[in-house]
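Reader: Hi! Could you walk me through this structure, one small question at a time?

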There are 2 protein chains.
Amino acid sequence: MKISRSGVFHVSSAVLGRITNVKPANIRKDLSYVGEYGKPGYGYEIDKLLAVIEKIIGINKLQRVIVVGVGNIGEALLSYQDWPARGFEIAGAFDKDKRKMGRVINGIEVRGNSEVPSFVKKEGIEIAILATPTEITQLKVNELAQDGMRGFYVFSPIVINVPVGCYVENIDMISPLEFLVYRLKNKISK
Amino acid sequence: MKISRSGVFHVSSAVLGRITNVKPANIRKDLSYVGEYGKPGYGYEIDKLLAVIEKIIGINKLQRVIVVGVGNIGEALLSYQDWPARGFEIAGAFDKDKRKMGRVINGIEVRGNSEVPSFVKKEGIEIAILATPTEITQLKVNELAQDGMRGFYVFSPIVINVPVGCYVENIDMISPLEFLVYRLKNKISK
DNA sequence: TTTCATTTGTGAACATTTTAACAAACTTGA
DNA sequence: TCAAGTTTGTTAAAATGTTCACAAATGAAA
């Protein structure tokens, strides 16, 4: 909902709560942790709130990342339009498959894996998204860590080990579905 | 790590904790909520534990779901090999694009959207995975709810409204990446 | 059998998160 | 200006989640 385009310039925690399914008290508390941006009896100025949030999550300067593995998931990531709005830029994409190399998806050229070390060094990139087959993901992470990569966003449902100073986040696309089934079976609204 | 194939037939909460990065006390407590399956001085019998867990999450009978929207994400889901191991079966896939209809991916035929109502009624399916463009997701959910669908697993990063008795889970593939950046910047191990 | 080393299950302590409640601050309209 | 109606930020209470620590149970070795 584009509040800022509706001729409304302020918004209360109650309204934000209704939109996001979060309790108003919670919204006020969270916001209070990062400063006092609201006016009693009025609410939050939308433009100001937006600016503050963008400042906090650092969208002003985009985080540059690479995508390793251009299968279905990799391609979906490359095709995704909202990276800038989320604070990211896909600086490069890599795959070992020669047939994929040279392809340009959404303006991003797919390069060969051998180009990773020089590319990330030249571009100063530290974060990699791994959309690789589960069997080779740990191996790829090891290689990338050697190349100076320090953040790994992993689509394989396995525990990844990294050197100290490196960080991993996994995403398991099935877990939320399992949770949905559980909620459906037990009628748990949330 | 395939513990059960290593000639080891029991495992302690300490070992499970090391493998999963979870504190042993936590593992014991969680397990204790669903029964007493461990032996002091010995640990948990792996086969028994596996059987119990499978019983709990109901893998014995697969949950049948449909996939709506066969773009990159949809295709990735259809290609995923481990659905049965996770307790699911993709019963059908649907897309509005005529060029995709008829294609068979991983043994699953892509059907036209118009076939959804009869299909889910005949097959008795209540859960849909929506890998659709964000703009039309809410609309599709509305339609599917009309068709009797009660669980919605949504890949669009928006709040979805559903009738009472229906349940939604969202997955946002970018949020964990944002969190990774936050951890990297602030050196937060977890 | 007895002793020693493990490891569980859990009660209690501790920590974190969520919610409610309300004084103080602000807006609006008369 | 004043009164009535909103809405914030925050304090305190409640709820939830995590970790510790240890008695009791078991296995293994002597």
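Reader: Which residue in E8(A) stands opposite A:Ile66?

Author: Happy to help! This is a predicted model, in which local features need pLDDT of at least 70, side-chain atom pairs count only at pLDDT 80 or more, and totals for chains, interfaces and linings use all residues. Residues are numbered from 1 along each chain as its sequence is written, while chains are lettered from A and ligands numbered from 1 in the order in which they are written. Strands (E, at least two residues) and helices (H or I, at least four) are DSSP runs, numbered from the N terminus. Opposite A:Ile66, in E8(A), stands A:Ala128.

Reader: In which sense do strand E4 and E8 of chain A pair?

Author: Two strands pair if DSSP finds at least two bridges between them. E4(A), residues 63–68, and E8(A) have 4 bridges, and their sense is parallel.

Reader: And which residue of E9(A) is the bridge partner of A:Ile129?

Author: E8(A) also runs parallel to E9(A), residues 151–154, with 4 bridges joining them. There, A:Ile129 has as its partner A:Tyr153.

Reader: Are the residues on the two faces of E8(A) buried or exposed?

Author: A residue is buried if 20 or more other C-beta atoms, placed from the backbone, lie within 10 Å of its own, and exposed if 12 or fewer do. One side of E8(A) carries A:Ile127 and A:Ile129, the other A:Ala128 and A:Leu130. These residues are all buried.

Reader: Which element gives the largest share of the surface near DNA strand D?

Author: Here, near means that a residue's C-beta atom, placed from the backbone, lies within 6 Å of the strand. Among the contributors of at least two residues are helix H1 (13–20) of chain A and helix H2 (24–33) of chain B. The largest share, 5 residues, comes from H2(A).
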